[in-house]
Structures are given as C-alpha cells and as structure tokens.
Amino acid sequence: MISKKMADRINEQINREMFSAYLYMAMSARMTEAGYHGVGKWLMVQYHEEMFHAMKFYGYLQDQGSAVELKALAVPSFKETGIKELFQHVLEHEKGVTKSINEIMAQAIEEKDYATQSLAQWYVNEQIEEEKNDMDILQTIELVGNSAHGLFLVNIELGKRGLGVPSDFTKLGGGD
Ligand code: FEO
C-alpha cells in the first residue's frame, strides 16, 4: 500500500506523462506535414515512450491497490517549425519532467516509501536517457551547421528510430 498523498501525486504524474505523449503526437503531426517524415517518426516513437511511462505508473497504482484517477489533458502548444528549435523545446520539456520525477522521489524518501523509491529510480534513470537523446540530436544539428542539406540527413537518421518499449498495455500491472 502507498499513501493517498503518494497515489494523488502519481495520478498527477500519469497526466503529465500523457501530456508529454500528446505534445509529441502534435509535434509529430506538424513535422510530418512539413515533409520531415523522419522527425515525425522519431516523435511518434517518443509518443509511445510517453504512453509507456504513463501506463507503468498506472500499473503500479493498480498493483498497490490505489485508484487510477484520470484528469483532463491540456492542449499541447508549441510554435517551433524548425528542427533545431523543436528539439530545444523537447529538451526543455524533458528537463521539466525530470524535475517532476525528482519530486516523486523526494516525496517517497520523505514518506519512507521504499516501493515508490524503487519505481521512481527507474524513471530517474529513464530521464537521463531522455535528456541525453535530445542533447545528442541537438549536438548533431550543430555539427551539420543547421544547414538544409545537413537537416535532411538528420531527418533521415531520426527516421530509423524503432519502438523500444512495449505497446501492449494489457501486460502491465496486475503483478505481471
Ligand atoms: Fe516520460 Fe519523456 O519523460
């Protein structure tokens, strides 16, 4: 069992992860419409990653006998149309998610909630990866000089990204 306060915070985090998925889905649509199909695919893979993050918390609440309470999703808003600016936005967004995950860890430590600390550690590690991916992409864009030809190649490279997380959420939670 976890505290009501912790369950509330995790339900809030489900909403934040779902919003991340929604944001990347919206970005994917804009980039694909602009002809950057590779970037669009990368962002759609990221959408799946975020759905997995949300569902991992969802499964955890159910395993702990706590109620899942879904909240309204905000409409994602972004103005960037260039690849570099878009990934700067993505990186800043992920820094915010890292802060949010760290808050859960801090609360779990304060409550001496070792189970949630263990779960939160997975997300702490995941956020290192998330930020690194974005920083690597931004570094590559810098290396190609943000040129049209270079961005075309970056677009092709990003389109090679495959799904790295389960997409069948019936297998999450319930002690599986
Ligand atoms: Fe769920 Fe991109 O952090």
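Here is a quick walk through the cores, a few single residues and one surface patch of this model.

The model is predicted, so local features need pLDDT of at least 70, side-chain atom pairs count only at pLDDT 80 or more, and totals for chains, interfaces and linings use all residues. Residues are numbered from 1 along each chain as its sequence is written, and side-chain values use heavy atoms, with hydrogens and water left out.

**Inside**

In soluble globular proteins, nonpolar side chains tend to be buried together. Here, the largest nonpolar core has 20 residues, and Met27, Val39, Leu43, Leu86, Phe87 and Leu158 have the most contacts inside it. A nonpolar core is a set of buried Ala, Val, Leu, Ile, Met, Phe, Trp, Tyr and Cys residues joined through side-chain atoms within 4.5 Å. Two or more residues each come from helices H1 (4-33), H2 (37-63), H3 (83-110), H4 (114-143) and H5 (148-158). Helices (H or I, at least four residues) are DSSP runs, numbered from the N terminus.

A second, separate core has 17 residues, including Ile2, Met6, Phe57 and Val97.

Back in the largest core, take Leu43: leaving aside neighbours within four places in sequence, it is in contact (heavy atoms within 4.5 Å) with Tyr24, Met27, Ser28, Met31, Leu86 and Val90.

Gln13, in helix H1, is in contact with Phe57, Val97, Ser100, Ile101 and Ile104, again leaving aside neighbours within four places in sequence.

**Buried or exposed?**

Buried means under 20% relative accessible area, exposed over 50%, and partly exposed in between (1.4 Å probe, protein chains only).

| Residue | Place | Relative accessible area | Class |
|---|---|---|---|
| Gln13 | helix H1 | 1% | buried |
| Leu73 | loop between H2 and H3 | 34% | partly exposed |
| Glu110 | helix H3 | 62% | exposed |
| Lys112 | loop between H3 and H4 | 60% | exposed |

Leu73 also joins Tyr22, Met25 and Met44 in a nonpolar surface patch of about 310 Å². Such patches are made of residues with over 30% relative accessible area and no salt bridge (a side-chain nitrogen of Lys or Arg within 4 Å of a carboxyl oxygen of Asp or Glu), with nonpolar side chains (Val, Leu, Ile, Met, Phe, Trp, Tyr) joined within 5 Å. Accessible areas come from the Shrake-Rupley method with a 1.4 Å probe.

**Backbone**

The 30 residues of H1 should span 44 Å at 1.5 Å a residue, and the end C-alpha atoms are 43 Å apart, which agrees. That expected span is 1.5 Å times one less than the number of residues. Gly35 follows H1 and has a positive phi, near 95°. Lys112 has a positive phi too, near 55°, in a residue other than glycine.

Terms used
Patch = residues over 30% accessible without salt bridge, like charges linked within 9 Å, V, L, I, M, F, W, Y side chains within 5 Å.
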